[in-house]
Amino acid sequence: MVLPKTRKAAVKTAEGTFEIKEVPMPEITQPDYVLVKVRGSGVCGSDLHSWKVPRPESVGRITGHEVAGDVVAVGEDVTNVKPGDRVGVDSVIGCGKCYWCRVGQYHLCPDCFKIRSETFAQGFSEYIVGPADHVYKIPDYVGYGEAAIMDVYGTSIHAINRTNTHMDQTVVIIGAGPIGLSLLDLVNIAGAKGIIIDVIDHPLKFAEKTIGAYETINSTKVDPVKRVMELTDGRGADKVFDCVGGGASPTILKQAVDMVRRKGQVALIGAMRPGASLSVDWRKLHWGEIDVVPVSGFYHWENDPEFKIVTDLLIKGKLHATEMITHRFPLEKINEAFETAADKKRTNSIKVIIEQ
Ligand SMILES: [Zn+2]
Ligand SMILES: [Zn+2]
């Protein structure tokens with residue numbers, strides 16, 4: 001296959017939007033690298049934090065870390081995939097050499113952000129390059145968009161693993177965005193009871209009808225702490241997951257601590273604002289032996305990478321990934337795609353995918 005000299009890419013502008021440009025092709029610079037033609041990439045909540053936010057340091061950058069596509073070329077040491085294979089891409093990549101990478105915890109590599117943004121996390125472009133051990137084959141019947149959002153499910157399974165969530169526990173998920181909904185999907189597979197909370201009805205209805213929730217709570221209409229206490233015989237939930245973060249962190253953290261049981265866990269999944277310093281009722285945490293569990297990205301769990309575990313579940317038809325995708329746009333319409341994802345009250349969007 002003759003490869004082009006340039007690729008189309010959505011490049012960040014000074015206003016924090018995108019413009020489509022021709023940029024140089026990425027090259028296979030390592031013997032274990034593969035070149036992937038991007039077919040699907042997800043608009044992530046973390047991408048929306050910088051949508052229409054002017055950031056001089058981001059001008060010209062190419063983003064997009066939830067990706068799937070076709071392998072088009074491989075380095076000489078690559079044995080797990082070949083050109084023509086359809087793959088999901090785990091874009092959480094470390095240097096491979098530091099202590100954290102050597103023990104399989106590549107999501108904690110100090111260079112993770114830099115390395116992934118120079119390799120696979122350029123999904124809003126036509127081609128990406130990166131290490132072959134971070135791509136996973138998918139069969140023909142699995143869509144690229146679905147495979148791309150295994151990045152979302154990866155974070156959620158990491159939350160399940162970090163908190164040892166298992167059958168018959170009562171779990172509260174605050175925030176019914178893609179992370180919260182994918183977490184509910186996995187909570188159900190784990191056999192736990194999932195209560196999900198949001199401030200808008202549409203994703204709660206989706207949680208109830210499509211994924212299956214033990215209970216949904218619109219916190220603008222019902223006091224969520226009171227309701228969770230009623231549902232747990234006054235003890236509180238075994239786990240509470242904050243899947244919102246950002247500016248809502250102070251309110252949600254307080255709610256979470258108020259609705260978790262003694263010896264329970266509060267997991268922080270939604271991204272924190274830079275320099276976030278949150279006040280918590282530490283005495284309550286101390287006396288109740290309540291754990292605070294931060295969850296950031298994913299890596300290996302026991303024998304397998306967490307990204308592979310969720311991709312296997314997707315292949316077996318266990319996830320509601322297809323139903324989560326409400327909107328699909330071509331790369332040329334990426335600004336419209338971001339607008340749709342950002343304005344979910346108007347658009348009823350859950351997961352927005354760029355297709356190529
Ligand atoms: Zn993401
Ligand atoms: Zn490293």
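**Note on the second largest pocket and the two zinc sites**

1. In the second largest pocket, the lining divides into 9 nonpolar, 6 polar and 3 charged residues. The structure is a predicted model, and the volume computed for this pocket is about 420 Å³. Of the 18 residues in the lining, Ile 93, Gly 94, Cys 95, Gly 96 and Pro 131 are the closest to the centre of the pocket.

2. Cys 95, which belongs to that central group, also coordinates the zinc ion (ligand 2) through its SG atom, together with the SG atoms of Cys 98, Cys 101 and Cys 109, at 2.3 to 2.4 Å. Along the chain these donors follow the spacing C-x2-C-x2-C-x7-C. The angles among the 4 donor atoms run from 104 to 114°, and the site is tetrahedral.

3. Two of these cysteines can be set side by side in terms of accessibility: Cys 95 has a relative accessible area of 27% and is therefore partly exposed, whereas Cys 101, with a relative accessible area of 13%, is buried.

4. The zinc ion (ligand 1) has as its protein donors Cys 44 (SG), His 65 (NE2) and Glu 66 (OE), which lie 2.1 to 2.4 Å from the ion. Their spacing along the chain is C-x20-H-E. Cys 44 and Glu 66 link distant parts of the chain, being 22 residues apart, with Cys 44 in the loop between strand 3 (33-42) and helix 1 (45-48) and Glu 66 in strand 4 (residues 66-74).

5. As for the burial of this pair, Cys 44 counts as buried because its relative accessible area is 14%, and Glu 66 is likewise buried, at 0% relative accessibility; the cut-off that applies to both is under 20%.

Methods:
Residues are numbered from 1 along each chain as its sequence is written. Chains are lettered from A and ligands numbered from 1 in the order in which they are written. This is a predicted model: local features need pLDDT of at least 70, side-chain atom pairs count only at pLDDT 80 or more; totals for chains, interfaces and linings use all residues. Side-chain values use heavy atoms; hydrogens and water are left out. Donors are N, O and S atoms within 2.8 Å of the metal (3.2 Å for Na, K and Ca); water is not among the atoms, so sites may look incomplete. Helices (H or I, at least four residues) and strands (E, at least two) are DSSP runs, numbered from the N terminus. Buried means under 20% relative accessible area, exposed over 50%, partly exposed in between (1.4 Å probe, protein chains only). On a 1 Å grid over the protein atoms alone, a cavity is a set of points where a 1.4 Å probe fits but cannot get out, and a pocket is an open set with protein on both sides within 12 Å along at least five of seven lines; lining residues have an atom within 4 Å of a point. Grid points are joined across faces, edges and corners, and a volume is the space filled by probe spheres set on the points. Ala, Val, Leu, Ile, Met, Phe, Trp, Tyr, Cys and Pro count as nonpolar, Asp, Glu, Lys and Arg as charged, and the others, Gly among them, as polar. Four donors count as tetrahedral if all angles lie between 85 and 135 degrees; four count as square planar and six as octahedral if opposite donors are over 155 degrees apart and all others between 65 and 115; anything else is irregular.
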